[in-house]
Structures are given as C-alpha cells and as structure tokens.
Amino acid sequence: GQYFQPATQKETKIDFTSLLPPEITLEIFSHLNAEDLTRCQSVNKKCKVLANHEALWNALSPKIAFGKKQWAKYFGDIGKEPPLPKDIHKILKSPCPFFPGKKVEETHMLVLIPETVNDKPLNLKTLEELVKSPKEGPTTQYHYIWDEIVKKYGNQSVAQSHWVLMTKDVMEGSRAKSYTDQQALIADLAKKTGIDYEVPNVLDAAICIFMKYMSSEERLF
C-alpha cells in the first residue's frame, strides 16, 4: 500500500478588530466575561483599548457581588436592581487600605441591600424571618442580639435599594472601641487614602453578614 499525507496549510490569523468598526467589535466583546475580556487586553494595543472600554465592564456583575440574581435564588424578588458604581471593577482590583498586600475584592463583600423582598419592607425583623426559611441554602437565625437593638432598630426599613461594599473583618485597632472612636479611625483613614469609607449602620451590616453566610456558609465577625 501507499502512504498518503495531506498537504499542510499555513495557519492564517486575521485580526477582526482591524477590519470591523469599533462599535461592532464592542458588541462582540459584550458577550464575553471578565476573564475573557482580560485576555483580549493582552492581544495587541487596539484590543487592549477596546476590551478595556468602560461600558463593557460596567455591564458585568463582579464575581463577589450578591445581587438580584442571588436574592432571587435564596429569598425571592427584590424588584429593580440599582446600577453598580461605574468604576466598581477598578475599585475591587485596587489595593485594600485596611489589609496591606491584598486587593479590595479579597477583603470585602459587595452586597445589594434591597428596599423590599417579595414586596415586603426589609428590616431586622423581616431579615430574621427570611434567613430562617430560605428557598434554598443553609437556614440560620440571630444567635446573640440585644433586645435594645431590636427595640430601637428592628422596624427601621431600608430607605432605598443600594449597594454596600463592606470588609469581611474588622479594621485593625477598632475592636472594643466606642462608636465615636471607630468613626474617628475611619475619618483618619479617609484623610490618608482619599477613600470615602464610613462605619456601616446595623441593618446594612447584618444583611451583608447574613448574605455572605447564605452564599458560602462562612460565618463572619
């Protein structure tokens, strides 16, 4: 018998970004995730500019975000999801001002705080009922909570749906400090870094901690 070997063809690569209008390329890139967009930035200078377009990144929900999709998975409908800050991806990739050597995305939680869940106002009391009987995932409840807190803040609902970026651990030097001293620590940090942080209110903090537990079963604080 005879041995036949097919002729090899030289591989041809075409850079479609040089052939298509920028708006068409952006439309194509809009179907990529964050990891793919990052890869595209290393192809060439033109790809880097297009794949780094603000509109593409603004449309992406960060991996650490607990948003409308997650609320629907565990609890129900929260209505309209407010937009994330336009520079959220840049913020998450920036150095953490609290824990040196780490990025913000490693040390923070990004949680949507909805005004309502299944058309019911969200407050400390309704939050407890939600986490006792989620649609799926771990069940939990308040373990230690002062009666005075429930009495004073239990019925205070979320004024407007918003996003909260909160650390997963307490700031160094803030344990066992008064609220006034904690505010002073944050104010001092803001002056040094130019980052507008503030001490979270009790409802935002409780929601963030519970949502982190729902999504990862990680108990914080």
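Two strands are said to pair if DSSP finds at least two bridges between them. In the predicted model described here, 3 strands form an open sheet in the order E1-E2-E5, and the pairing within this sheet is mixed. Strand E1 (65-66) and strand E5 (162-167) are the edge strands, each of which pairs on one side only. Strand E2, which spans residues 108-113, pairs with E5 in the antiparallel sense, and this pairing extends over 6 bridges. Within it, histidine 108 has threonine 167 of E5 as its bridge partner. A helix accompanies the sheet: helix H11, made up of residues 202-216, lies across E1, E2 and E5 and runs at about 110° to E2.

Attention then turns to empty space in the model. Rolling a probe the size of a water molecule over the atoms reveals where such space is left. The second largest pocket contains about 570 Å³ of space. Its lining consists of 20 residues, of which Ala34, Thr38, Trp57, His89 and Lys93 are the closest to the centre of the pocket. Helix H2 (34-40), H4 and helix H6 (88-93) are the elements that give two or more residues to this lining. The largest contribution is that of H6, which supplies 4 residues. Sorted by class, the lining of the second largest pocket comprises 8 charged, 7 polar and 5 nonpolar residues.

The confidence of the prediction was also examined. The average pLDDT of the chain is 88, and 94% of the residues score at least 70. Among the elements of the chain, strand E3 (residues 116-117) has the highest mean pLDDT, at 98, whereas helix H4 (residues 54-58) has the lowest, at 74. Helix H4 is also one of the elements that give two or more residues to the lining of the second largest pocket.

Methods:
Residues are numbered from 1 along each chain as its sequence is written. This is a predicted model: local features need pLDDT of at least 70, side-chain atom pairs count only at pLDDT 80 or more; totals for chains, interfaces and linings use all residues. Side-chain values use heavy atoms; hydrogens and water are left out. pLDDT is the predictor's confidence in each residue, from 0 to 100. On a 1 Å grid over the protein atoms alone, a cavity is a set of points where a 1.4 Å probe fits but cannot get out, and a pocket is an open set with protein on both sides within 12 Å along at least five of seven lines; lining residues have an atom within 4 Å of a point. Grid points are joined across faces, edges and corners, and a volume is the space filled by probe spheres set on the points. Ala, Val, Leu, Ile, Met, Phe, Trp, Tyr, Cys and Pro count as nonpolar, Asp, Glu, Lys and Arg as charged, and the others, Gly among them, as polar. Contact means heavy atoms within 4.5 Å. Axes are lines fitted to C-alpha atoms, for helices over the stretch in contact, and angles run from 0 to 180 degrees between N-to-C directions.
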